[in-house]
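Opening a fresh page for this chain. I want to walk through its strands, its core and one loop residue.

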Amino acid sequence: MPFYEYRCADCGHEFEAMQKMSDEPLKDCPECGKPALVKLISAAGFQLKGGGWYETDFKGSGKSSSSDKAPAEGSGCCGGSCACQ
Ligand SMILES: [Zn+2]
């Protein structure tokens, strides 16, 4: 079962969730409770030929600017599940 990374556009909380590809994307942030979750593209996600989920999900993240919410150094690009660090 693949892992998906989510980030809350409201409070910045990041976490991974293990979901089936057929599951609905998560919306509600477990930290602040707002429906502001954005699914991140991860290395694992790229290997899944799931078909366009990122296109729809990322359109809701209009206010996010990648410059001020870059991943903290040391967290790696994939949460440590690969050797990219
Ligand atoms: Zn939140």
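My entries on the fold, the sheet, the core and the loop follow.

**Ground rules.** I am working with a predicted model, where local features need pLDDT of at least 70 and side-chain atom pairs count only at pLDDT 80 or more, while totals for chains, interfaces and linings use all residues. Residues are numbered from 1 along each chain as its sequence is written.

**Overall fold.** I started with the secondary structure and got 2 helices and 3 strands. My elements are DSSP runs, numbered from the N terminus: helices are H or I with at least four residues, strands are E with at least two. Along the sequence I read the pattern β-β-β-α-α. I then checked burial, and 13% of the 85 residues count as buried. For that I call a residue buried if 20 or more other C-beta atoms lie within 10 Å of its own, exposed if 12 or fewer, and partly exposed in between, with C-beta atoms placed from the backbone. Next came contacts, meaning two residues whose C-beta atoms, placed from the backbone, lie within 7 Å. Of the contacts with a separation of 6 or more, 43% are between residues 24 or more positions apart.

**The sheet.** I looked up the strand order and found an open sheet of 3 strands, E2-E1-E3, with antiparallel pairing. E2 (14-18) and E3 are the edge strands with a single partner strand each, so each has one side without a neighbour in the sheet. Neighbouring strands are turned by 35 degrees against each other on average, direction ignored; the axes are lines fitted to C-alpha atoms, for helices over the stretch in contact, and angles run from 0 to 180 degrees between N-to-C directions. I count two strands as paired if DSSP finds at least two bridges between them.

**Bridges of E1.** E1 and E2 pair over 5 bridges, and E1 and E3 over 4. Tyr-4 faces Ala-17 in E2, and Arg-7 stands opposite Glu-14 in E2. What are the partners of Glu-5 in E2 and E3? I get Glu-16 in E2 and Leu-40 in E3. The hairpin of E1 and E2 has 5 residues between the strands, and Gly-12 in its turn has a positive phi of about 85 degrees.

**The core.** I pulled the largest nonpolar core and listed 8 residues: Tyr-4, Tyr-6, Cys-8, Cys-29, Ala-36, Leu-37, Val-38 and Leu-40. E1 (3-8) and E3 (37-40) each supply at least two of these core residues. Such a core is a set of buried Ala, Val, Leu, Ile, Met, Phe, Trp, Tyr and Cys residues joined through C-beta atoms within 7 Å. In E1, 5 of the 6 residues are buried, so this strand is largely enclosed by the rest of the structure.

**Asp-28.** I found Asp-28 in the loop between E2 and E3. Is Asp-28 buried or exposed? With 12 C-beta neighbours inside 10 Å, Asp-28 counts as exposed. Leaving out residues up to four places away in sequence, Asp-28 touches Gly-33, Pro-35 and Leu-37. I also took the C-alpha separation of Asp-28 and Cys-8, which is 8.4 Å across 20 residues of chain.
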